[in-house]
Amino acid sequence: MKQHLLLIGNGPAWMRERLETEFTVHPLPPEAERAAFLADKGAAITACCTFSGIATEVMDALPNLKIISSYGVGYDSIDADHAAKRGVIVTHTPNVLNDEVADTAILLWLATSRKLVAYDRYVREGRWLKEGAAPLTTSPEGRTVGILGLGRIGQAIADRLGVFGATVVYHSRTEKDVPYTFYPDLVEMAKACDVLICITPGGAGTKHIVNAEVIDALGPQGILVNVARGSVVDETALVKALQEGRLGGAGLDVFEFEPKVPEALFAMENVTLQPHVGSATHETRRAMGELVCDNLSQYLKDGRVLTPVPECAAIAKV
Ligand code: NDP
């Protein structure tokens, strides 16, 4: 008899096929049909695979739930403390996406600094012919780059920065054994930086950690790159600072109310925008999907999991 699995969100067909070899899969129905579905099937469900977190009400409507395997390293849309208290193990997909997200951060920085997107438009719109050579940009070489969140991805970003002759500095909750200067105060780090790259988790602990004071400390020549979560940056303060020329530029993969992006950013040549695609390549998404399925398969096999989130480390057998 197969165990029953709740599937939240849309993943690739191959994942669904793989999950169906081991579980009876129940996609979470739309809101209007949800209560009836949960009343009918909730008690049978022991596992969950999610692409978009899980509401705590849904988790609590599954009394026999044992494991939530989440696609992505960030799990701010899952109350992992609550899950752990209930004995439910949450797993995520760390490490397999480090390189892709680090590349995205560098891409956004370079594109913003050298106006890649604005100048692509300059060529396509025939402005090169009409207006002549485009204005000069600012070199990314030899800059001081601050990493907000020197974790797995933050370190992969730092590893890439040597190529640009950068001086790397960082701010995290704790100081690390690394050859970069640690700033216990984010505003002080922003003052010292030409570029600030955000790569912390989202959630309450980091909400608006990049506020107006941090943005002003980065200043009119500074570039802010956000590949973390939209909630990390006070977006209203960011837009205002860009409009008033108090910040030099921004490269943004994530937004506070995504997929809604402030329209004020659309016309700005010093801003590069991406639709939350930090890890979105065929290769990396495949690796993430495999890890999501591997965690579930391992759990079925012997109760162990491969990559539990830290909140569940004490209750997970690895
Ligand atoms: P890690 O847990 O390895 O690193 C997180 C880092 O953030 C740690 O250095 C941690 O500090 C620091 N941090 C946490 N809270 C705070 C805080 N309140 N103030 C300062 N620093 C803090 O995570 P990963 O590197 O694997 O991933 C980081 C995040 O990247 C994910 O949670 C996700 O939100 C985002 N991400 C975005 C993607 C995209 O598509 N744009 C794709 C993948 C991830 P300390 O070590 O001191 O605890």
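**Note on the ligand site and internal cavities**

1. An oxygen atom of the ligand lies 2.9 Å from a polar backbone atom of I153. The model that gives this distance is a predicted one. Two further contacts belong beside it. At L150, a backbone N or O atom is 3.2 Å from a ligand oxygen atom. At T174, a polar side-chain atom comes to 2.7 Å from an oxygen atom of the ligand. Taken on its own, the ligand has 940 Å² of accessible area, and the protein covers 88% of that.

2. Which residues come nearest to the ligand? They are R152, R173, T174, K176 and D253, out of 29 residues around the ligand. T174 is thus one of the nearest residues and also the source of the side-chain contact at 2.7 Å. Sorted by class, the shell around the ligand holds 13 polar, eleven nonpolar and five charged residues.

3. The UniProt record, an unreviewed entry, carries the annotation "domain: D-isomer specific 2-hydroxyacid dehydrogenase catalytic" for residues 17–309. In the model, that span is 39% helix and 15% strand, and its end C-alpha atoms are 25 Å apart.

4. Next, the enclosed space. Rolling a probe the size of a water molecule over the atoms shows where empty space is left. With a cut-off of 30 Å³ or more, two cavities are counted. The largest has a volume of about 50 Å³, and the second largest holds about 30 Å³.

5. What lines the largest cavity? Its lining consists of N226, G230, V233, E235, L238, L252, V254, F255 and E256. By class this comes to five nonpolar, two polar and two charged residues.

6. The second largest cavity is lined by A111, T112, K115, L116, V117, A118, R121, E269, V271 and T272. Three elements each give two or more residues to this lining: α5 (98–113), α6 (116–124) and β12 (271–273). Of the elements, α6 gives the most, with four residues. The lining divides into five nonpolar, two polar and three charged residues.

7. Set side by side, the linings read as follows. The largest cavity has two charged residues in its lining, while the second largest has three. Five nonpolar residues appear in the lining of the largest cavity, and five in that of the second largest.

Terms used: Residues numbered from 1 in each chain as written. Predicted model: local features only at pLDDT ≥ 70, side-chain atom pairs only at ≥ 80, totals over all residues. Heavy atoms only, no water. 1 Å grid on protein atoms, 1.4 Å probe; cavity = no way out; pocket = protein on both sides within 12 Å on 5 of 7 lines; lining within 4 Å. Points joined across faces, edges and corners; volume = space filled by probe spheres on them. Nonpolar A, V, L, I, M, F, W, Y, C, P; charged D, E, K, R; others polar. UniProt positions renumbered as here; feature names shortened; annotations may be inferred. Near = heavy atom within 4 Å. Polar contact = N/O pair within 3.5 Å; in protein donor to acceptor, adjacent residues only side chain to side chain. Areas by Shrake-Rupley, 256 points an atom, 1.4 Å probe, with all protein chains shown as cover.
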